[in-house]
Amino acid sequence: MVKYNCLNPIAPIGLNLFTEKYEKIESLESADAVLVRSASMLDLNLPENLKAIARAGAGVNNIPLDKCAEKGIVVFNTPGANANGVKELVIAGLMLASRDIVGGINWVQSIREDENVAKLVEKGKSKFAGKEILGKKFGVIGLGAIGVLVANAAKRLGMEVYGCDPYISVEHAWNLSRDIISVKTKEDIYKECDYITVHVPLLDDTKKMINKDTIAMMKDGVVILNFARDLLVNDEDMEEALKSGKVAKYVTDFPNAKTAGMEGVIAIPHLGASTEESEDNCAVMAVKEIKDYMEYGIIKNS
Ligand code: MLT
């Protein structure tokens, strides 16, 4: 019997794929396999018999990879399984940064009981005027599963899309996205784009990549979107850039104490992959990975 533990809720459509050879247990201690979403495993004692961890999501920065490598524990992730969910939220973020929909909704709420509410609408029209994204330059840093989908969607919305990926060759990026984007260097994207979105994993050389030096290269009034990892952005530097107006809008699903309430910040909880579809896709892929490994020794996406 293979014992598995779920450190986060995992969608039933995935768990139902486990056969009678598997038993779900409530504690980590005697688990052979673990399924986890974004709960941190960094400080946990890994049980002796643990053989596999499946991260139902893309990022593995919540898993102690070095410790797992030492102990021979295979770590899987589910690349692409939640990419569409994240893409849709990034596009919503792009819209929210351009049109003050949230300001407009809040304002209508505040005047909704006024008997002149209909007349006041004229005032709201100018108060919340926005910008259009058509023809604006949109830079996508990171052309993995999510970055390519985001680039494609922005292109379809009429944006001029530039992309780069520090971890794949320009030729590869070009093949991936030939009709979608112009491939640029990261520096060119910083300098030329009106909107910049990051879709890279958190690694030593991506940590705090959006900082005072890179922001200084950007256009005044740039809009930055971060739905990838919180530590990609230096929060102190972002705070300064928002105060000075260098960054007009910072849209993120990683609220933090420094910037969350500031003017120009649109922050929501980490919701990118929180859709029924993405949760189902991740659960199915993660469970299949565990089964393939435990039953046949097959290793995919590790
Ligand atoms: C991911 O790495 O896939 C995202 O953080 C989504 C999530 O697990 O919530």
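In the predicted model, the ligand is surrounded by residues from separate parts of the numbering. Arg37 and Ser38 belong to this shell. Gly57, Ala58 and Gly59 also lie around the ligand, as does Asn82. His270, Gly272 and Ala273 complete the set. By class, six residues of the shell are polar and two are nonpolar. One is charged.

The shell can be set against the strands at the start of the chain. Strand E1 covers residues 2–6. Strand E2 covers residues 22–24, and strand E3 spans residues 33–36. E1 pairs with E2 in parallel through three bridges. Within this pair, Tyr4 is bridged to Lys24 of E2. E1 also runs parallel to E3, again with three bridges. Here Cys6 has Leu35 of E3 as its bridge partner. E1 is thus joined both to E2 and to E3. In a regular strand, side chains point alternately to the two faces of the sheet. E3 ends at residue 36, and the ligand shell includes Arg37 and Ser38.

Overall, the protein contains 11 helices and 12 strands. Its C-alpha trace extends about 70 × 50 × 35 Å along the principal axes. Of the 302 residues, 39% are buried. Contacts were also examined by separation along the chain. Among those with a separation of 6 or more, 59% link residues 24 or more positions apart.

Terms used:
Residues are numbered from 1 along each chain as its sequence is written. This is a predicted model: local features need pLDDT of at least 70, side-chain atom pairs count only at pLDDT 80 or more; totals for chains, interfaces and linings use all residues. Helices (H or I, at least four residues) and strands (E, at least two) are DSSP runs, numbered from the N terminus. A residue is buried if 20 or more other C-beta atoms lie within 10 Å of its own, exposed if 12 or fewer, and partly exposed in between; C-beta atoms are placed from the backbone. Two residues are in contact if their C-beta atoms, placed from the backbone, lie within 7 Å. A residue is near a molecule or strand if its C-beta atom, placed from the backbone, lies within 6 Å of it. Ala, Val, Leu, Ile, Met, Phe, Trp, Tyr, Cys and Pro count as nonpolar, Asp, Glu, Lys and Arg as charged, and the others, Gly among them, as polar. Two strands pair if DSSP finds at least two bridges between them.
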